[in-house]
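Trainee: I would like to go through this structure with you step by step, beginning with how its helices cross.

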Amino acid sequence: MLLLIKFESVSKVYEDTNTKALNNFSVEIETGEFVFIVGSSGAGKSTLLKLMMREEVPTSGTININGFDLNNIKKSKIPYFRRTLGIVFQDFRLIQTMNVYDNVAYAMRVIGSRENAIRKRVPYLLGLVGLNSKARSKPNQLSGGEQQRVALARALANNANTIIADEPTGNVDPKMSYEIVDLLNHINADGTTVIMVTHDLHLVKTFNHRVITIKNGVIESDYPDASHIDVEPYKFDNPEDAVGSYFVEESGDDLDYLFQNYAIDVVDDIESEDAEVSSTQSSEEADAE
Ligand SMILES: Nc1ncnc2c1ncn2[C@@H]1O[C@H](COP(=O)(O)OP(=O)(O)O)[C@@H](O)[C@H]1O
Ligand SMILES: [Mg+2]
(Lines give C-alpha, C1' and ligand atoms only; values in the text may rest on other atoms or scores of the structure.)
(Ligands and ions follow the chains in the order given, each with its own letter.)
Protein backbone atom coordinates (compact mmCIF):
# COMPACT_ATOMS: atom_id res chain seq x y z
CA MET A 1 0.00 0.00 0.00
CA LEU A 2 1.16 3.49 -0.82
CA LEU A 3 1.53 6.09 1.89
CA LEU A 4 -0.71 9.02 1.02
CA ILE A 5 -0.72 11.23 4.10
CA LYS A 6 1.97 11.53 6.73
CA PHE A 7 1.89 13.92 9.70
CA GLU A 8 5.03 13.82 11.84
CA SER A 9 4.96 15.54 15.25
CA VAL A 10 2.69 18.29 13.98
CA SER A 11 1.66 21.06 16.34
CA LYS A 12 -0.62 23.94 15.46
CA VAL A 13 -0.92 26.97 17.68
CA TYR A 14 -3.38 29.72 16.74
CA GLU A 15 -1.42 32.76 17.85
CA ASP A 16 -4.33 35.16 18.24
CA THR A 17 -6.08 33.03 20.84
CA ASN A 18 -2.95 31.16 21.94
CA THR A 19 -4.79 27.87 21.38
CA LYS A 20 -2.83 24.69 20.81
CA ALA A 21 -5.25 22.98 18.43
CA LEU A 22 -2.94 20.05 17.59
CA ASN A 23 -0.20 18.85 19.91
CA ASN A 24 2.68 16.77 18.55
CA PHE A 25 0.29 14.96 16.24
CA SER A 26 1.47 12.06 14.07
CA VAL A 27 -0.62 9.93 11.71
CA GLU A 28 -0.22 7.90 8.52
CA ILE A 29 -2.99 7.21 6.03
CA GLU A 30 -2.54 4.93 3.04
CA THR A 31 -3.95 5.24 -0.46
CA GLY A 32 -7.43 3.76 -0.66
CA GLU A 33 -8.32 4.02 3.02
CA PHE A 34 -11.64 5.32 4.35
CA VAL A 35 -11.02 7.08 7.67
CA PHE A 36 -13.59 8.55 10.03
CA ILE A 37 -12.31 11.29 12.34
CA VAL A 38 -14.39 11.77 15.49
CA GLY A 39 -14.06 13.73 18.73
CA SER A 40 -15.84 16.42 20.68
CA SER A 41 -16.14 20.02 19.55
CA GLY A 42 -12.85 21.89 19.78
CA ALA A 43 -10.77 18.68 19.72
CA GLY A 44 -8.81 19.78 16.63
CA LYS A 45 -10.58 17.86 13.85
CA SER A 46 -11.12 20.80 11.49
CA THR A 47 -7.57 22.00 12.14
CA LEU A 48 -6.31 18.60 11.05
CA LEU A 49 -8.27 18.82 7.79
CA LYS A 50 -7.21 22.44 7.18
CA LEU A 51 -3.59 21.41 7.52
CA MET A 52 -4.24 18.60 5.02
CA MET A 53 -5.65 21.12 2.51
CA ARG A 54 -2.90 23.59 3.34
CA GLU A 55 -5.48 26.13 4.39
CA GLU A 56 -3.36 26.38 7.54
CA VAL A 57 0.35 25.71 8.03
CA PRO A 58 1.79 23.89 11.05
CA THR A 59 3.63 25.70 13.84
CA SER A 60 6.05 22.76 13.95
CA GLY A 61 6.33 19.29 12.47
CA THR A 62 6.13 18.02 8.89
CA ILE A 63 3.25 17.14 6.57
CA ASN A 64 3.48 15.10 3.39
CA ILE A 65 0.40 14.55 1.23
CA ASN A 66 0.06 13.04 -2.22
CA GLY A 67 3.82 13.30 -2.72
CA PHE A 68 3.85 17.01 -1.81
CA ASP A 69 6.01 18.22 1.07
CA LEU A 70 3.67 20.84 2.47
CA ASN A 71 6.39 22.50 4.54
CA ASN A 72 8.41 23.37 1.47
CA ILE A 73 5.83 23.56 -1.29
CA LYS A 74 6.19 26.61 -3.55
CA LYS A 75 3.23 28.95 -3.59
CA SER A 76 2.84 28.41 -7.32
CA LYS A 77 2.50 24.65 -6.77
CA ILE A 78 -0.31 24.89 -4.20
CA PRO A 79 -3.12 24.92 -6.80
CA TYR A 80 -1.66 21.74 -8.34
CA PHE A 81 -1.54 20.15 -4.93
CA ARG A 82 -5.14 21.12 -4.21
CA ARG A 83 -6.29 19.49 -7.42
CA THR A 84 -5.40 16.14 -5.91
CA LEU A 85 -8.08 16.81 -3.28
CA GLY A 86 -11.85 16.97 -3.44
CA ILE A 87 -13.17 18.98 -0.52
CA VAL A 88 -16.65 18.97 1.04
CA PHE A 89 -17.74 21.27 3.86
CA GLN A 90 -20.62 21.15 6.31
CA ASP A 91 -22.04 24.41 4.93
CA PHE A 92 -21.78 23.28 1.24
CA ARG A 93 -20.09 26.49 -0.01
CA LEU A 94 -21.87 26.50 -3.34
CA ILE A 95 -21.85 29.58 -5.54
CA GLN A 96 -25.34 31.00 -4.99
CA THR A 97 -25.55 32.85 -8.32
CA MET A 98 -24.76 29.74 -10.38
CA ASN A 99 -27.13 26.88 -11.08
CA VAL A 100 -26.34 23.30 -10.11
CA TYR A 101 -24.80 22.45 -13.46
CA ASP A 102 -22.51 25.47 -13.43
CA ASN A 103 -21.44 24.94 -9.83
CA VAL A 104 -20.03 21.58 -10.86
CA ALA A 105 -18.79 22.76 -14.27
CA TYR A 106 -17.00 25.71 -12.67
CA ALA A 107 -14.66 23.39 -10.79
CA MET A 108 -13.60 21.97 -14.15
CA ARG A 109 -13.42 25.35 -15.90
CA VAL A 110 -11.02 26.87 -13.39
CA ILE A 111 -8.48 24.17 -14.14
CA GLY A 112 -8.91 24.67 -17.87
CA SER A 113 -10.98 21.62 -18.86
CA ARG A 114 -12.43 21.66 -22.36
CA GLU A 115 -16.18 22.27 -22.74
CA ASN A 116 -16.40 18.90 -24.49
CA ALA A 117 -15.16 17.14 -21.41
CA ILE A 118 -17.35 19.26 -19.14
CA ARG A 119 -20.46 18.46 -21.17
CA LYS A 120 -19.83 14.77 -20.72
CA ARG A 121 -18.70 14.72 -17.15
CA VAL A 122 -21.13 17.07 -15.40
CA PRO A 123 -24.23 15.06 -16.39
CA TYR A 124 -22.48 11.92 -15.28
CA LEU A 125 -21.62 13.44 -11.90
CA LEU A 126 -25.13 14.81 -11.40
CA GLY A 127 -26.48 11.38 -12.23
CA LEU A 128 -24.19 9.90 -9.63
CA VAL A 129 -25.72 12.06 -6.91
CA GLY A 130 -29.27 11.73 -8.27
CA LEU A 131 -29.71 15.36 -9.31
CA ASN A 132 -30.08 15.19 -13.05
CA SER A 133 -33.51 16.81 -12.75
CA LYS A 134 -32.16 19.80 -10.79
CA ALA A 135 -29.42 20.92 -13.16
CA ARG A 136 -30.99 24.34 -13.65
CA SER A 137 -31.91 25.00 -10.02
CA LYS A 138 -30.02 27.52 -7.94
CA PRO A 139 -28.63 26.37 -4.57
CA ASN A 140 -31.30 28.28 -2.61
CA GLN A 141 -33.97 26.22 -4.39
CA LEU A 142 -32.54 22.97 -3.02
CA SER A 143 -32.78 21.14 0.29
CA GLY A 144 -29.68 20.77 2.46
CA GLY A 145 -29.23 17.18 1.33
CA GLU A 146 -29.49 18.19 -2.33
CA GLN A 147 -27.00 21.04 -1.87
CA GLN A 148 -24.54 18.68 -0.24
CA ARG A 149 -24.88 16.26 -3.16
CA VAL A 150 -24.03 19.11 -5.54
CA ALA A 151 -20.96 19.85 -3.41
CA LEU A 152 -20.05 16.19 -3.58
CA ALA A 153 -20.41 16.13 -7.37
CA ARG A 154 -18.17 19.21 -7.51
CA ALA A 155 -15.59 17.53 -5.26
CA LEU A 156 -15.52 14.59 -7.68
CA ALA A 157 -15.35 16.72 -10.82
CA ASN A 158 -11.60 16.66 -11.33
CA ASN A 159 -10.89 13.05 -10.43
CA ALA A 160 -9.20 13.90 -7.14
CA ASN A 161 -7.59 10.88 -5.55
CA THR A 162 -8.56 12.01 -2.05
CA ILE A 163 -11.88 13.29 -0.70
CA ILE A 164 -11.68 15.37 2.47
CA ALA A 165 -15.02 16.07 4.12
CA ASP A 166 -15.57 18.11 7.30
CA GLU A 167 -18.92 17.07 8.81
CA PRO A 168 -20.56 16.73 5.38
CA THR A 169 -23.72 15.37 6.97
CA GLY A 170 -23.92 17.98 9.74
CA ASN A 171 -26.83 19.78 8.06
CA VAL A 172 -28.77 16.89 6.54
CA ASP A 173 -31.26 14.37 7.91
CA PRO A 174 -30.22 10.80 8.84
CA LYS A 175 -31.54 9.16 5.69
CA MET A 176 -29.73 11.60 3.43
CA SER A 177 -26.63 11.35 5.64
CA TYR A 178 -26.69 7.67 5.00
CA GLU A 179 -27.04 8.19 1.25
CA ILE A 180 -24.14 10.62 1.12
CA VAL A 181 -21.79 8.34 3.01
CA ASP A 182 -23.02 5.39 0.99
CA LEU A 183 -21.98 7.26 -2.13
CA LEU A 184 -18.59 8.10 -0.58
CA ASN A 185 -18.29 4.43 0.25
CA HIS A 186 -18.82 3.45 -3.40
CA ILE A 187 -16.29 6.04 -4.50
CA ASN A 188 -13.83 4.68 -1.95
CA ALA A 189 -14.42 1.14 -3.23
CA ASP A 190 -13.36 2.44 -6.66
CA GLY A 191 -10.02 3.53 -5.20
CA THR A 192 -10.46 7.08 -3.91
CA THR A 193 -9.20 7.75 -0.38
CA VAL A 194 -11.86 9.28 1.88
CA ILE A 195 -11.24 11.21 5.10
CA MET A 196 -14.38 12.32 6.85
CA VAL A 197 -14.99 14.16 10.11
CA THR A 198 -18.33 13.35 11.69
CA HIS A 199 -20.27 13.52 14.95
CA ASP A 200 -22.63 10.79 13.80
CA LEU A 201 -21.49 7.56 15.45
CA HIS A 202 -24.38 5.68 13.83
CA LEU A 203 -22.78 6.42 10.47
CA VAL A 204 -19.39 5.33 11.77
CA LYS A 205 -20.94 2.11 13.03
CA THR A 206 -22.85 1.50 9.80
CA PHE A 207 -19.92 1.84 7.42
CA ASN A 208 -17.37 0.29 9.76
CA HIS A 209 -14.08 1.82 8.61
CA ARG A 210 -10.97 2.99 10.46
CA VAL A 211 -11.88 5.41 13.26
CA ILE A 212 -9.48 7.99 14.68
CA THR A 213 -10.67 9.75 17.83
CA ILE A 214 -9.08 13.13 18.58
CA LYS A 215 -9.10 14.70 22.02
CA ASN A 216 -7.40 17.97 22.99
CA GLY A 217 -5.23 17.97 19.88
CA VAL A 218 -3.91 14.42 20.18
CA ILE A 219 -5.04 11.00 18.98
CA GLU A 220 -6.98 9.38 21.78
CA SER A 221 -7.56 6.16 19.83
CA ASP A 222 -7.07 4.76 16.33
CA TYR A 223 -9.01 1.57 15.49
CA PRO A 224 -9.15 -0.32 12.18
CA ASP A 225 -12.95 -0.57 12.40
CA ALA A 226 -15.95 0.47 14.52
CA SER A 227 -16.30 -2.65 16.65
CA HIS A 228 -15.46 -0.64 19.80
CA ILE A 229 -18.30 1.82 19.19
CA ASP A 230 -21.43 0.90 21.10
CA VAL A 231 -24.27 2.40 19.06
CA GLU A 232 -26.72 0.88 16.59
CA PRO A 233 -25.99 1.09 12.87
CA TYR A 234 -28.62 2.86 10.77
CA LYS A 235 -31.54 0.75 9.63
CA PHE A 236 -34.21 2.21 7.41
CA ASP A 237 -37.73 0.90 6.97
CA ASN A 238 -37.17 0.13 3.35
CA PRO A 239 -33.56 -0.99 2.98
CA GLU A 240 -33.86 -1.35 -0.79
CA ASP A 241 -34.71 2.29 -0.99
CA ALA A 242 -31.85 3.28 1.26
CA VAL A 243 -28.96 1.38 -0.19
CA GLY A 244 -27.25 3.24 -2.98
CA SER A 245 -30.43 4.51 -4.58
CA TYR A 246 -28.56 7.51 -5.93
CA PHE A 247 -25.71 5.55 -7.32
CA VAL A 248 -25.48 5.21 -11.07
CA GLU A 249 -23.00 2.78 -12.53
CA GLU A 250 -20.46 4.30 -14.89
CA SER A 251 -21.58 2.84 -18.16
CA GLY A 252 -22.15 4.20 -21.62
CA ASP A 253 -25.89 3.62 -21.22
CA ASP A 254 -26.12 5.82 -18.17
CA LEU A 255 -24.17 8.58 -19.84
CA ASP A 256 -26.41 8.51 -22.90
CA TYR A 257 -29.49 8.48 -20.75
CA LEU A 258 -28.36 11.39 -18.61
CA PHE A 259 -27.13 13.37 -21.55
CA GLN A 260 -30.38 12.96 -23.48
CA ASN A 261 -32.40 13.89 -20.46
CA TYR A 262 -31.17 17.41 -20.02
CA ALA A 263 -27.65 18.11 -21.16
CA ILE A 264 -28.40 19.48 -24.61
CA ASP A 265 -30.41 22.45 -23.37
CA VAL A 266 -28.02 23.20 -20.57
CA VAL A 267 -25.10 23.24 -22.97
CA ASP A 268 -26.63 26.18 -24.85
CA ASP A 269 -26.60 28.21 -21.64
CA ILE A 270 -23.00 27.34 -21.01
CA GLU A 271 -21.70 28.41 -24.37
CA SER A 272 -23.12 31.88 -23.93
CA GLU A 273 -21.35 32.08 -20.59
CA ASP A 274 -18.00 30.87 -21.84
CA ALA A 275 -16.76 34.36 -22.44
CA GLU A 276 -17.38 35.32 -18.84
CA VAL A 277 -15.78 32.30 -17.24
CA SER A 278 -12.46 31.65 -18.87
CA SER A 279 -10.01 28.98 -17.92
CA THR A 280 -7.42 31.54 -16.95
CA GLN A 281 -9.14 32.50 -13.74
CA SER A 282 -6.81 32.77 -10.82
CA SER A 283 -6.32 29.89 -8.45
CA GLU A 284 -7.42 32.17 -5.64
CA GLU A 285 -10.94 32.18 -7.01
CA ALA A 286 -10.90 28.40 -7.15
CA ASP A 287 -9.53 28.29 -3.62
CA ALA A 288 -12.26 30.62 -2.44
CA GLU A 289 -14.81 27.86 -3.00
N1 LIG B 1 -8.74 30.30 13.16
C2 LIG B 1 -8.65 30.06 14.47
N3 LIG B 1 -8.14 31.00 15.30
C4 LIG B 1 -8.05 30.78 16.62
N5 LIG B 1 -8.41 29.64 17.24
C6 LIG B 1 -8.92 28.65 16.47
C7 LIG B 1 -9.08 28.82 15.05
N8 LIG B 1 -9.61 27.68 14.53
C9 LIG B 1 -9.80 26.85 15.58
N10 LIG B 1 -9.39 27.42 16.74
C11 LIG B 1 -9.39 26.78 18.06
O12 LIG B 1 -8.63 25.59 17.97
C13 LIG B 1 -9.26 24.53 18.69
C14 LIG B 1 -9.57 23.38 17.74
O15 LIG B 1 -10.54 23.83 16.82
P16 LIG B 1 -11.08 22.92 15.62
O17 LIG B 1 -9.91 22.33 14.92
O18 LIG B 1 -11.99 23.76 14.82
O19 LIG B 1 -11.86 21.79 16.42
P20 LIG B 1 -13.04 20.80 15.96
O21 LIG B 1 -13.16 20.85 14.48
O22 LIG B 1 -12.62 19.47 16.49
O23 LIG B 1 -14.28 21.28 16.65
C24 LIG B 1 -10.49 25.14 19.34
O25 LIG B 1 -10.15 25.52 20.66
C26 LIG B 1 -10.78 26.34 18.48
O27 LIG B 1 -11.42 27.35 19.22
MG1 LIG C 1 -14.76 21.30 13.24
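Mentor: Before we start on handedness, a crossing is called left-handed if the near helix is turned anticlockwise from the far one by less than a right angle, and right-handed if clockwise. Please keep in mind that this is a predicted model.

Trainee: What is the handedness of the crossing of H3 and H4?
Mentor: The axes of helix H3 (residues 100-109) and helix H4 (residues 115-128) come within 10 Å and cross at roughly 130°. That angle makes H3 oblique to H4. By the convention just given, the crossing of H3 and H4 is right-handed.

Trainee: How many nonpolar residues are there in the contact of H3 with H4?
Mentor: On the H3 side the contact is made by Val 100, Tyr 101, Val 104, Ala 105, Met 108 and Arg 109, which meet Ala 117, Ile 118, Arg 121, Val 122, Leu 125 and Leu 126 in H4. Sorting the residues of this contact gives no polar and 2 charged ones, while the number of nonpolar residues is 10.

Trainee: Which element gives the most to the shell around ligand 1?
Mentor: Ligand 1 is surrounded by 13 residues, and the closest are Tyr 14, Ala 21, Lys 45, Ser 46 and Thr 47. The shell divides into 3 nonpolar, 8 polar and 2 charged residues. At least two residues each come from strand E2 (19-30) and helix H1 (45-52). With 3 residues, the element that gives the most is H1.

Trainee: Which strands stand at the edges of the sheet?
Mentor: The sheet is open, has 6 strands with mixed pairing, and follows the order E6-E7-E8-E3-E9-E10. An edge strand has a single partner strand, so one side of it is left without a neighbour in the sheet, and this holds for strand E6 (85-89) and strand E10 (218-223).

Trainee: What is the bridge partner of Ile 212 in E10?
Mentor: Strand E9 (residues 210-215) and E10 run antiparallel and are joined by 5 bridges. Within E10, the residue that partners Ile 212 is Asp 222.

Trainee: What angle does the direction of H6 make with that of E8?
Mentor: H1 packs on the sheet, where it touches strand E3 (34-38), strand E7 (162-166), strand E8 (193-197) and E9, and its direction makes about 150° with that of E7. Helix H6 (residues 174-189) also packs on the sheet, touching E3, E7 and E8. The angle between the direction of H6 and that of E8 is about 150°.

Notes:
Residues are numbered from 1 along each chain as its sequence is written. Chains are lettered from A and ligands numbered from 1 in the order in which they are written. This is a predicted model: local features need pLDDT of at least 70, side-chain atom pairs count only at pLDDT 80 or more; totals for chains, interfaces and linings use all residues. Axes are lines fitted to C-alpha atoms, for helices over the stretch in contact, and angles run from 0 to 180 degrees between N-to-C directions. Helices (H or I, at least four residues) and strands (E, at least two) are DSSP runs, numbered from the N terminus. Angles under 35 degrees count as roughly parallel, over 145 as roughly antiparallel, 65 to 115 as roughly perpendicular and the rest as oblique. Two residues are in contact if their C-beta atoms, placed from the backbone, lie within 7 Å. Ala, Val, Leu, Ile, Met, Phe, Trp, Tyr, Cys and Pro count as nonpolar, Asp, Glu, Lys and Arg as charged, and the others, Gly among them, as polar. A residue is near a molecule or strand if its C-beta atom, placed from the backbone, lies within 6 Å of it. Two strands pair if DSSP finds at least two bridges between them.
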